[in-house]
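Student: I would like to go through this structure and ask what stands behind each label. Please set the values against the cut-offs.

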Amino acid sequence: MRTFIGYGRFTREAMRGLLHMFEDRTEPVSSSSSLWGRPISWHMTPGCEFDWMLLAVAPNEGVVATAGLVATGGRAQDTKIARIPKRN
């Protein structure tokens with residue numbers, strides 16, 4: 001499996017919801033990791049170009065995009081995935 005960085009923005013509705021009630025998404029991501037790979041870290045980066053970042057080991061980009069949707073509760077947009085090159 002390869003290492004990927006997934007990042008994106010929350011939808012406008014998600015940002016409104018986060019202001020009223022923050023939801024810890026660690027459990028949904030961790031409990032579903034056996035289906036898709038292994039999360040390394042999850043970061044919220046509001047105020048930057050992207051609102052969240054997921055670093056994970058997974059079989060392909062599509063799986064990481066799905067994990068990003070799970071991590072954001074399905075409230076993600078402008079998601080991008082980058083593969084980290086293997087070391088020699």
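Student: Why is Trp52 called buried?

Tutor: The model is predicted, and in it Trp52 has a relative accessible area of 0%. Buried means under 20%, so Trp52 counts as buried.

Student: What makes Trp42 partly exposed?

Tutor: Its relative accessible area is 28%. Partly exposed covers the range between under 20% and over 50%, so Trp42 falls into that class.

Student: How do you know that the rings of Trp42 and Trp52 are stacked?

Tutor: Rings pair if their centres lie within 6.5 Å, and planes under 30 degrees apart count as stacked. For Trp42 and Trp52 the centres are 5.5 Å apart and the planes stand at 25 degrees, so the pair is stacked.

Student: Which parts of the chain does the pair of Trp42 and Trp52 tie together?

Tutor: Trp42 belongs to strand 2 and Trp52 to strand 3, so the link is between parts 10 residues apart in sequence.

Student: How many aromatic pairs does the structure hold?

Tutor: There are 2 aromatic pairs. One of them is formed by Tyr7 and Phe50, with ring centres 4.5 Å apart and planes at 75 degrees.

Student: Why is the pair of Tyr7 and Phe50 called edge-to-face?

Tutor: Planes over 60 degrees apart count as edge-to-face. The value for Tyr7 and Phe50 is 75 degrees, so the label applies. Tyr7 sits in strand 1 and Phe50 in the loop between strand 2 and strand 3, 43 residues apart, and the pair links these distant parts of the chain.

Student: Are Tyr7 and Phe50 buried or partly exposed?

Tutor: Phe50 has a relative accessible area of 15% and is buried. Tyr7, at 24%, is partly exposed. The cut-off for buried is under 20%.

Student: What makes strand 3 largely enclosed?

Tutor: Strand 3 spans residues 52-58, and 6 of its 7 residues are buried, so the rest of the structure largely encloses the strand. For the chain of 88 residues, 32% count as buried.

Student: How do you know that strand 3 pairs with strand 1 and with strand 2?

Tutor: Pairing needs at least two bridges. Strand 1 (residues 2-10) is joined to strand 3 by 7 bridges, and strand 2 (residues 38-44) pairs with strand 3 over 6 bridges. Both counts therefore meet the criterion. Strand 3 runs antiparallel to strand 1, and its pairing with strand 2 is antiparallel too. Within strand 3, Val57 stands opposite Thr3, while Ala56 stands opposite Pro39.

Student: What is the order of the strands in the sheet?

Tutor: The 4 strands form an open sheet in the order 2-3-1-4, with antiparallel pairing.

Student: Why are strand 2 and strand 4 called edge strands?

Tutor: Strand 2 and strand 4 (76-84) each pair on one side only. Neighbouring strands of the sheet are turned by 15 degrees against each other on average, direction ignored.

Student: Where does helix 3 lie?

Tutor: Helix 3 (residues 61-71) lies across strand 1, strand 2, strand 3 and strand 4, and runs at about 135 degrees to strand 3. Along the sequence the pattern is β-α-α-β-β-α-β, which comes to 3 helices and 4 strands.

Technical notes
Residues are numbered from 1 along each chain as its sequence is written. This is a predicted model: local features need pLDDT of at least 70, side-chain atom pairs count only at pLDDT 80 or more; totals for chains, interfaces and linings use all residues. Side-chain values use heavy atoms; hydrogens and water are left out. Buried means under 20% relative accessible area, exposed over 50%, partly exposed in between (1.4 Å probe, protein chains only). Helices (H or I, at least four residues) and strands (E, at least two) are DSSP runs, numbered from the N terminus. Axes are lines fitted to C-alpha atoms, for helices over the stretch in contact, and angles run from 0 to 180 degrees between N-to-C directions. Contact means heavy atoms within 4.5 Å. Rings of Phe, Tyr and Trp (its six-membered ring) pair if their centres lie within 6.5 Å; planes under 30 degrees apart count as stacked, over 60 as edge-to-face and the rest as tilted.
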